[in-house]
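Subject: Structure handover

Hello,

Here is the structure we spoke about, for you to open and look over. My notes on it follow below.

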Amino acid sequence: GIVTYKKSFEKSFAELNQDLKNKDRESFEKYNEFMKRAEEIVNLLDFKLIYNNTESLFSVDDFIDSEADQRFLGLAVGPYGSRTYYYNGMKNNYFMAGDAFGELFIVTMPKHEWILVNQRKVINGYPCYKANTLVKILGRNGELIKEAEAWYCNDFPQSYGPLGFNGLPGLIIQLTYNNEVYTVSQIDANPKRPVKIVPPSKGKKVTKEMLEQDIELLEEITRY
């Protein structure tokens, strides 16, 4: 099948940066206008999840517009959305492919530990149930823990979702993580053409912890 997600932001730049607005109004207005353009471009983006009985692949669709928009495209896609996520449920194999500081990586990712919540709501016509998980990230100030909230639909028994979030009893219809919201806009469960999934193969193979440690070290070095 092919699932199309649209991305939005849980909170706007203005909502997240009231302190900057109070301290430096000029800088706030400058960056706020910049982010407003990025948010407009977000509405034009499609993120695709393709899947079969055992595998899934999630990535942003190719997006090409005027050169003026290229400055904002990176902000619109975001660091998470610019990567490719592959999952093989049969082999319990989950990794992410992307670049950091000009080098390609294939990153083995840890399994998500979900907590199923007894809450139900309908999203774009799909009856969904809630689940939460915690994501550990190593940053310059130590380990950070961020929560991801998912709403999944049992009508689609495939345990896949955006940004590599997987392992639930049904397809993730909506995911909220790190101020980004991915919501299903279309599901084609029986595409006319066969779905071909090719796992990413180019890049240095590392674990999530190894990559975060390398980035943390490089950030430390480039401060001086």
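The accessible surface of the protein comes to about 13200 Å², and carbon and sulfur atoms account for 49% of that area. Please keep in mind that this is a predicted model, so every value here was computed from predicted atom positions.

The protein has 224 residues, and 41% of them count as buried. Its secondary structure consists of five helices and 12 strands. If you take the contacts between residues at least 6 apart in sequence, 61% of them join residues at least 24 apart.

How many salt bridges does the structure hold? There are four, and I describe three of them here, including the distance and the surroundings of each.

Glu180 and Lys7

In this salt bridge, the closest N and O atoms of Glu180 and Lys7 are 3.0 Å apart. Glu180 belongs to strand β11 (residues 180-188) and Lys7 to strand β1 (residues 2-9), so the pair ties together parts of the chain that are 173 residues apart in sequence. Are these two residues buried or exposed? Glu180 has a relative accessible area of 6% and is buried. Lys7 is buried too, at 3% relative accessibility. Both values fall under the 20% cut-off, which is why the two residues count as buried.

Lys48 and Asp61

The side chains of Lys48 and Asp61 also meet in a salt bridge, with 3.5 Å from N to O. Lys48 sits in strand β2 (residues 47-51), whereas Asp61 is in the loop between β3 (55-60) and α4 (67-81). The two residues are 13 apart in sequence, and the pair links distant parts of the chain. Lys48 counts as partly exposed, with 23% relative accessibility. Asp61 is partly exposed as well, at 29%.

Glu149 and Lys130

Here the closest N and O atoms of Glu149 and Lys130 are 3.5 Å apart. What does this salt bridge tie together? Glu149 lies in strand β9 (residues 142-153) and Lys130 in strand β8 (residues 126-139), so the bridge joins parts that are 19 residues apart in sequence. Glu149 is partly exposed, with a relative accessible area of 26%, while Lys130 is buried, with 14%.

When you go through the model, you could start with Glu180 and Lys7, the buried pair, and then turn to Lys48 and Asp61, which are partly exposed.

Regards

Key. Residues numbered from 1 in each chain as written. Predicted model: local features only at pLDDT ≥ 70, side-chain atom pairs only at ≥ 80, totals over all residues. Heavy atoms only, no water. Helix = DSSP H or I, 4+ residues; strand = E, 2+ residues; numbered from the N terminus. Buried < 20%, exposed > 50% of the residue type's maximum accessible area, 1.4 Å probe, protein only. Contact = heavy atoms within 4.5 Å. Areas by Shrake-Rupley, 256 points an atom, 1.4 Å probe, with all protein chains shown as cover.
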